[in-house]
Amino acid sequence: MAEATNVSLLDNHTEKHFTAGAIVRDVIIGVSDGLTVPFALAAGLSGANVGSSIIVTAGLAEVAAGAISMGLGGYLAAKSEEDHYYRELKREQEEIISVPDTEAAEVEEILAQFELQPHEYAPMVNALRNKPQAWLDFMMKFELGLEKPDPRRALESAFTIAFAYILGGLVPLLPYMFIPDAMKAMLTSVGVTLIALLFFGFVKGHFTGNRPFRSAFETALIGTIASAAAYGIAKLVQAK
């Protein structure tokens, strides 16, 4: 009866936690770099007094190369996490077999951190010892803090970051595609990209739990500094 009641309660209760953290992280990485790097490149080339067509060509090449590089980085990072998980899984599995008493003592230590008394956690420890797979899963999560990785995670991360980079990278280049004069296009690009950076920073702050307005300001500030530095360096080199 109690079990049926618990099932009913769970069916009628919907958790409202945010669970797409990994995807949001990849989008943030891709869009933030995509908005900033091509923006700085275009500003730097504008400072060197080249035409809009050259800036568009160089910018698109950078977006393509950057998307591939960022996507590959995301793939390798996710694969590294996956490899690390399975190495630790194998090591933990061997320890459960070779030194079960030590591992059981570690379980007791973990449960004691939740202010449970020995007579309360002893049945739980014994139950885990009788279920090796559950014991292994418990140690991976609560001793090592590792979650089993999604086998699709590496490819999903690569494509998410690359696609987000392309979306972000096209924003500062769009004005150069329609305005032949590079300086006029740069001014338009600055306005468009700043709006995009502010909007992206606000959304990023909302999803990551930070202050949205502060996040928007910080994101726009970083993009502004990067583009101003690139423009200034281009002018300095040109003057020499």
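This tour moves through a predicted model in a series of selections, from the whole chain to individual side chains.

**The whole chain**

Begin with the protein chain coloured by secondary structure, which comes to nine helices and zero strands, so that the pattern read along the sequence is α-α-α-α-α-α-α-α-α. If you then switch to a surface representation, the accessible surface of the protein chain comes to about 14800 Å², and 65% of that area belongs to carbon and sulfur atoms. Of the 240 residues in the chain, 34% are buried. Among contacts between residues at least 6 apart in sequence, 73% join residues at least 24 apart, and several of the stops below show pairs of residues from separate parts of the chain.

**Helix 7, end to end**

Select residues 153-178, which make up helix 7. At 1.5 Å a residue, these 26 residues should span 38 Å, and the C-alpha atoms at the two ends are indeed 38 Å apart, in agreement with that expectation. Now centre the view on Pro172, where helix 7 has a kink of about 45°.

Moving along helix 7, pick Glu156, which is partly exposed at a relative accessible area of 34%. Add Gly71 to the selection and draw a distance between the two C-alpha atoms: they are separated by 9.4 Å, although Glu156 and Gly71 are 85 residues apart along the chain.

**Arg153 and its network**

Next select Arg153, also in helix 7. Is Arg153 buried or exposed? With a relative accessible area of 13%, Arg153 is buried, because that value falls under the 20% limit. Leaving aside neighbours within four places in sequence, show the residues in contact with Arg153, and you will find Ala22, Arg25, Asp26 and Ala78.

Of these contacts, Asp26 deserves its own view: Asp26 forms a salt bridge with Arg153, in which the closest N and O atoms are 2.8 Å apart. Asp26 lies in helix 2 (residues 21-47) and Arg153 in helix 7, so this pair ties together parts that are 127 residues apart in sequence. Asp26 is itself buried, with a relative accessible area of 1%.

**Other salt bridges**

A search of the whole structure finds nine salt bridges, and two further ones can be visited here. Which residues should be selected for the salt bridge with an N to O distance of 2.4 Å? They are Glu88 and Arg91, whose side chains meet at that distance. Both are in helix 3, and being three residues apart they are separated by about one helical turn. In general, an α-helix has 3.6 residues a turn, so residues three or four places apart point the same way. Glu88 is buried, at a relative accessible area of 15%, whereas Arg91 counts as partly exposed at 41% relative accessibility.

For the other, select Asp101 and Arg129, whose side chains meet in a salt bridge of 3.0 Å, N to O. This pair links distant parts of the chain, with Asp101 in helix 4 (residues 100-112) and Arg129 in helix 5 (residues 118-129), 28 residues apart. Asp101 counts as exposed at 55% relative accessibility, while Arg129 is partly exposed, with a relative accessible area of 33%. Before leaving the salt bridges, return to Arg153 and add Arg25 and Asp26: salt bridges that share partners join Arg25, Asp26 and Arg153 into one network.

**The start of helix 3**

Select residues 52-98 to display helix 3, and then pick Ser52, which has its place in this helix. Ser52 counts as buried, at 4% relative accessibility. Leaving aside neighbours within four places in sequence, the residues in contact with Ser52 are Tyr176, Ile179, Pro180, Asp181, Ala182 and Ala185.

**A nonpolar patch on the surface**

For the last stop, return to the surface representation and select Leu60, Leu174, Met177 and Phe178, which make a nonpolar surface patch of about 400 Å². Which helix gives the largest share of the patch? Helix 7 does, with three residues. Leu60, by contrast, is found in helix 3, and at 38% relative accessibility Leu60 counts as partly exposed.

Terms used: Residues are numbered from 1 along each chain as its sequence is written. This is a predicted model: local features need pLDDT of at least 70, side-chain atom pairs count only at pLDDT 80 or more; totals for chains, interfaces and linings use all residues. Side-chain values use heavy atoms; hydrogens and water are left out. Helices (H or I, at least four residues) and strands (E, at least two) are DSSP runs, numbered from the N terminus. The expected span of a helix is 1.5 Å times one less than its number of residues. The bend at a residue is the angle between axes fitted to the seven residues ending there and the seven starting there. Buried means under 20% relative accessible area, exposed over 50%, partly exposed in between (1.4 Å probe, protein chains only). Patches are made of residues with over 30% relative accessible area and no salt bridge: like charges are joined within 9 Å, nonpolar side chains (Val, Leu, Ile, Met, Phe, Trp, Tyr) within 5 Å. Accessible areas come from the Shrake-Rupley method with a 1.4 Å probe; for residues, only the protein chains shown count as cover. A salt bridge is a side-chain nitrogen of Lys or Arg within 4 Å of a carboxyl oxygen of Asp or Glu. Contact means heavy atoms within 4.5 Å.
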